[in-house]
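Notebook, structure lookup. I went through ring contacts and then one helix, and wrote down what I found.

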Amino acid sequence: MAQSEPIKIMYLNPVGNSDYDGVFADMARDHKLPGTEVHITSLPPSEGSFTHIEYRSYEAMVTKGIIRAVRAAAREGFDALAIGCFYDTALHDAREISEGMIVTAPCLSSCEIAATLSNRFGIVVGRRKWVHQMHDTVRDYGHEHRLSGFYHVGLGVNDFQKDHAETERRLLEAGRKAVEEDYAEALILGCTMEIGFYREVEKKLGVPVIDPSIAALKRAEYGAVLKRQCGWVPSRRWSSEPPPEEEIACFGQFDTNEPFGNRVVVEAA
């Protein structure tokens with residue numbers, strides 16, 4: 001595709017902590033198209049130095065920061081943005097104020113890809129705590145009839161990267177149950193911090209295993225390509241109608257403070 005400027009994607013790590021931004025930058029470097037520039041960002045510590053948002057109360061606290069970041073990214077001219085949490089935190093809220101920028105997130109992206117690759121898929125999650133909310137999300141996206149189940153491995157978000165051998169063992173155990181007992185034809189890893197494990201699990205189980213961080217990045221990139229090639233810009237009417245700019249200016253909450261705490265740029269090749 002001939003283009004004068006690179007496609008610009010932002011992968012937003014929606015916590016006020018940059019510890020894993022480098023991991024996501026490596027992921028982007030390995031999987032983006034040559035003509036794509038990816039900015040890995042996280043929220044400023046002033047939004048709360050969360051290392052995860054696996055609790056609804058944590059999600060509520062960072063939602064304001066996500067909205068500010070998405071609005072700022074749209075005004076910087078990004079083609080698409082991925083919100084990097086499998087809860088798809090603030091996805092619909094963010095779309096309201098994203099102007100012509102595409103906004104996606106890991107659960108939505110992973111389910112769309114899994115539905116392309118299989119008739120039935122399972123989702124491997126960290127803790128039983130997450131299942132209720134994620135099940136509601138999958139149902140809302142229209143994929144419940146494809147879902148073999150959720151399979152939890154007893155690990156919180158911060159635990160996945162502590163002992164890689166143990167994490168892989170637990171993912172394999174859960175994935176084997178999904179595939180061999182519940183007949184899943186594909187697996188989704190239901191946390192962005194499960195990054196780096198999909199290849200080994202896929203090799204040993206013999207079904208596609210979808211890393212949600214990669215899925216979100218590639219779905220954002222694909223949407224950006226379609227926007228460039230076909231002119232398919234997101235509609236911001238009816239349910240996606242944005243708030244009036246005069247009200248935004250009057251309330252004074254959207255454009256205050258620095259929206260990003262850290263930024264790593266992965267240049268277009």
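Entry 1, charges over rings. I looked for charged side chains placed over aromatic rings in this predicted model. The charged end of lysine 8 sits over the ring of phenylalanine 78, and I noted 4.5 Å from the ring centre. I also logged arginine 263, which lies over the face of phenylalanine 260 at 4.8 Å from the ring centre.

Entry 2, ring pairs. How many aromatic pairs does the structure hold? I counted 4 aromatic pairs. One of them is formed by tyrosine 11 and phenylalanine 24; this pair is tilted, with 5.1 Å centre to centre and 35° between the planes. I checked where the two partners sit: tyrosine 11 is in strand S1 (residues 7-13) and phenylalanine 24 is in helix H1 (residues 21-31). They are 13 residues apart, and the pair links distant parts of the chain.

I then looked up accessibility for this pair. Tyrosine 11 has a relative accessible area of 0%, so I entered it as buried. Phenylalanine 24 has a relative accessible area of 1%, so it went down as buried too.

Entry 3, a second tilted pair. Phenylalanine 50 and tyrosine 58 form an aromatic pair, which I recorded as tilted at 4.9 Å centre to centre and 40° between the planes. Is phenylalanine 50 buried or exposed? I found 16% relative accessibility, and because the cut-off for buried is under 20%, phenylalanine 50 counts as buried. Tyrosine 58 comes out at 29% relative accessibility, so I listed it as partly exposed. I followed the ring pairs further and found that they link Phe50, Tyr55 and Tyr58 into a cluster.

Entry 4, helix H5. I took helix H5 (residues 131-140) and pulled out its buried residues: Val131, Gln133, Met134, Thr137 and Val138. They cover an arc of only 165° around the axis, so I placed them on the same side of H5. On the face turned away from this buried side I found the exposed residues His132 and Asp140.

What do the buried residues of H5 pack against? I listed two helices, H2 (56-76) and H4 (106-117), and two strands, S5 (121-125) and S6 (147-152).

Last, I looked at the backbone just after H5. Glycine 142 takes a positive phi there, and I wrote down about 85°.

Technical notes. Residues numbered from 1 in each chain as written. Predicted model: local features only at pLDDT ≥ 70, side-chain atom pairs only at ≥ 80, totals over all residues. Heavy atoms only, no water. Phe/Tyr/Trp six-rings, centres within 6.5 Å; stacked < 30°, edge-to-face > 60°. Buried < 20%, exposed > 50% of the residue type's maximum accessible area, 1.4 Å probe, protein only. Lys NZ or Arg CZ within 6 Å of the ring centre and 35° of its normal. Arc of directions from axis to C-beta. Contact = heavy atoms within 4.5 Å.
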